[in-house]
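Here's a quick briefing on a few spots worth a look. Keep the viewer open as you read.

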Amino acid sequence: MTEPLNVPASLEGRGHPSRPFPRGVHDDVAGIADVADTVNVSVFAPELGGVDVWFTVPGGELAPATLTELTDGAHHGAVEGLRPGARYAFWAHGAERPESGQLLVDPYARAIEQDDDGNYWGVYVPDAGFDWGEIRRPHIPWRDTVIYEAHVKGLTMLHPELPEELRGTYAGLAHPAMIGYLRELGVTAVELLPLHFHIDEPHLRELGLPNYWGYNTLGYFAPHQDYATAAARAAGPAAVRDELKGMVKHLHAAGIEVILDVVYNHTAEGGPAEPALSWRGLADHHYYRHTADGHYLDTTGCGNTLDFTEPAVIRMAMDSLRYWVEEFQVDGFRFDLAATLGRDGNNAFTPEHPFFAAIAASETLTGVKMIAEPWDVGPGGWQTGRFPRGFADWNDKFRDTVRTFWAADHGRLAAGEHGSSVASLATVLAGSRDLFAPSGRGALASVNFVTAHDGFTLRDVVSYDRKHNEDNGEENRDGTSDNHSYNHGVEGQTGDAGINHERLKTASNMMATLLLSLGVPMITAGDERGKTQTGNNNAYCQDNPMSWLHWDLTADQQAMLGITRALVRIRREFLANQPYTYPAHDDSGFLLWFNTAGEPLQEEEWVDPGTRVMQLLIGSPEGRLDGLVVFNGTLEPVELTLPHGEELREFIGRDEDDLRFDLRFSTDPDDRPRRGTVLGAGAAHTVAANSVAVFRC
C-alpha cells in the first residue's frame, strides 16, 4: 500500500510519478526521464515514518525534499533539482538534523565523498555509457584458472616503470608494465582486495593507522576513490568510475579476469555509541541481526552483522553483484566471511539459503565465478566444503596441510622428532575430495592456497616461528598464533647463505605443491618474489612499504620468481595433455601413488610418519601418462626407483619399456644440471633432500 506523506510546496500538484525501484537516485524511470532536473529517489527505511533527502544545489547550499510515497518499506518520490554531481543523504522527516552534520548515506549510492568536516555523502552519478570496444569478459574455465590475490595500491605503489602519478591506482594496474608482469607470471585472474568504498575504524583513527585492506564497507555500489589517480579524483566520480572500467578493460584485453573481494557480512557502522552512517539510521532492526534482548548479534568479529534472513538485505547484495557485473564487467567475487551470508533464522548455516539460491537463479550472474571464504566466528562457523554447487571454497585445510608438511614438520625433523605422514599431503594434492564430495562438487570447488592477505607471507612462513605484529598498536595480541611455520634456525631475516638456501627450497616446495595440486591455485601477490612483512601476519593497517610489493630483488627473490613462473608453465602443460573434463570428472584422469621402490604405496606406508617420500604419477584413461612428481619431505637425499610393474602396465596399456621420464624441474637449485636427464621405468634416481622433482613422460 502507498501512504502519502506531507508534500512540500515545491512538489504540490506536479503529479510526477515515483517508483519504489530501482533503489537510490535514477533519472531513467518512465515518466521522469523527460522531466528536466527531476529524478526518482528511493530508499528502504521501514522504521522511519517519513524520509527527507537533503542535497546540494548550485552554489553548494543544502536543500531538502520529502519523499512523498511509501511502498513496502521503501520511501520514494520524484525530486526536482537534484542534479548530476550533487551530494545527497537522507534524514528522518521532521527530525532535527544532527549536530555532527552526518546524515544517512544512501546504501545504493554510486559514489561516496567525504566533506571537509568529515561527513560522508552519496553523490548522484548518472549511469553513462563506456566504450568497451570489442573487448569481452575472458570466461576462463575453472580448470585453467590461476588466481593472483592482490591489493591495487600495494601491487603498483613501488613499481619503477610506472609513472609516479599512476602508482597505487586503478590506472597503474592497467599500465602495460603491470599487465606484462602478470602475463609473464602466467596468472589468469587478479582477485583484488575490496574496491567498494570503505572507511577506517575509529580505533585505527585514534592510533593514526588506516584500514589498508579495506574490509570496512560503507558503499556496496561505490568504487573506492582513493585508488583513482589525482586527475580522475579532481574530475569527479564519473572519471573515477571510468578509470576503474578502463582497468578492467585492459586486463580483459590481456586475457586476465577480475575478481572482487566483497564484504557483505558487516558494514562500516560502529556500535550504538557511534553516529549512524547509513543502514543503522534507516532500518537498524531490518538490516542487522539482533539478539532477543535487542543487542547486535555478531558472527563476524566486527560488531554489527547484516541479516541475510531479511529480503531487503538479500536484494541489496544481489543488486550490488549485478551492478558490478553489468556496469564494470567483473568476472567474479570472493565473499568475505561467507558463512554469515548463509545463516538462517536460527543463526545456523545452510547451503540451501535463499541468498545462494538467488545467485544460482540469476541470469546476470550465470558463469560468474563465486568464491566463498567458508567460515565466520559464529557458532558452527567452519563450513569448508559445504557451500552449494556454483561456489568454490577457500580451502584452509590445504593451507594448513601444506605448511605443516613442508615447514612445521621440517622444524620437527630438525629437532629429532617425527613429522606427519604423506597421507594428508596426498589428500590435498588430489583435490580434497573428502571435503567437497558430500556437497556434490569436485576438485575444482577447492581454491587452494598456502598464504593469503591475512597471515604470514610465504617468505615469512619459512623465516619466523612466531608473529611480530607490534606495529599494529595492539601489543602483538592481534593475528593468529597458529602459523604452521618454521624459521630454519634463525628468527627473521639473516645473511646466512645456508639458511637462506634452505628457506628458498622450503618455500619452493610449497609453491610447487600449490601449483601441481588438483583444484584452483591462488598465489598471494609477492609470494612469487619472496616478499616479507618482517613477521607481521595481520598487516591490515600497514599502508606502507611493509605491505607494498618491492621490485628490486635479491638473488634469492629472483630465484623464487623464476621458480614460480616455471611451475605455472608446467601446470599449464600438464593440463593441456589431459581431457578437457579433467579434473572436474573423477573418471577423466587418474593419480597413481608409488613408494621409493617404485611400487604402489601400501596401506601401512600411508599412515607411517616415517614415510616422507612418495611419487605421484598423473595420467588419463586413454593410456596417456602426463607427468611424475616426486616429493621428498625428509632432510636427506633419497635414492629411489621410478615407477614400474604390473599396475603401471595396466594403466598405460603397453609395455613399460617404452616409457621415458624426462626430468624437467626440481626445487633444489643444485639439481639444475640434471634437468633434461631421461630415465626409463624402474630406473634409479636420487631425489634431493627437502625437495620436489617433476618429470614429463
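A polar contact here is a pair of N or O atoms within 3.5 Å; inside the protein, one of them must be able to donate a hydrogen and the other to accept it. Keep that in mind for Arg503, where a polar side-chain atom sits 2.9 Å from the backbone oxygen of Asn487. One caveat before going on: this is a predicted model.

**Arg503 and its surroundings**
- Arg503 belongs to helix α14, which covers residues 497-516.
- What about a salt bridge for this buried arginine? Arg503 has none, and the nearest side chain of opposite charge, Glu491, is 6.7 Å away. The cut-off for a salt bridge is 4 Å, so a pair at that distance doesn't count.
- Setting aside neighbours within four places in sequence, Arg503 is in contact with a set of residues including Arg459, Val462, Ser463, His488 and Val490. Asn487 is also one of its contacts, and it's the residue offering the backbone oxygen at 2.9 Å.

**The open five-stranded sheet**
- Reading across this open sheet, the strand order is β4-β3-β7-β9-β8, and the pairing is antiparallel.
- β4 (62-66) and β8 (112-114) are the edge strands, each pairing on one side only.
- From one strand to the next, the twist averages 40 degrees.
- At the β8 edge, the antiparallel pairing with β9 (residues 120-123) runs over three bridges. Look for Gln114 there, opposite Tyr120 in β9.

**β14, covered and paired twice**
- Strand β14 takes in residues 257-262, and six of its six residues are buried.
- In a regular strand, side chains alternate between the two faces of the sheet. In β14, Glu257, Ile259 and Asp261 point one way, while Val258, Leu260 and Val262 point the other way.
- β14 pairs in the parallel sense with β11 (residues 189-192) over four bridges; Leu260 is the bridge partner of Leu192.
- β14 also pairs in the parallel sense with β15 (residues 332-335), again over four bridges. Here Asp261 stands opposite Arg334.

**Helix α7 and what it packs on**
- Which residues of α7 (residues 279-287) are buried? They are Trp279, Arg280, Leu282, Ala283, Asp284 and Tyr287.
- Those buried residues pack against three strands and a helix: β2 (38-44), β7 (87-92), β13 (217-223) and α8 (311-328). You've met β7 already, as a member of the open sheet above.

Definitions and conventions: Residues numbered from 1 in each chain as written. Predicted model: local features only at pLDDT ≥ 70, side-chain atom pairs only at ≥ 80, totals over all residues. Heavy atoms only, no water. Pairing = 2+ DSSP bridges. Helix = DSSP H or I, 4+ residues; strand = E, 2+ residues; numbered from the N terminus. Axes fitted to C-alpha atoms, helices over the stretch in contact; angles between N-to-C directions. Buried < 20%, exposed > 50% of the residue type's maximum accessible area, 1.4 Å probe, protein only. Lys, Arg positive; Asp, Glu negative; His and termini not counted. Contact = heavy atoms within 4.5 Å.
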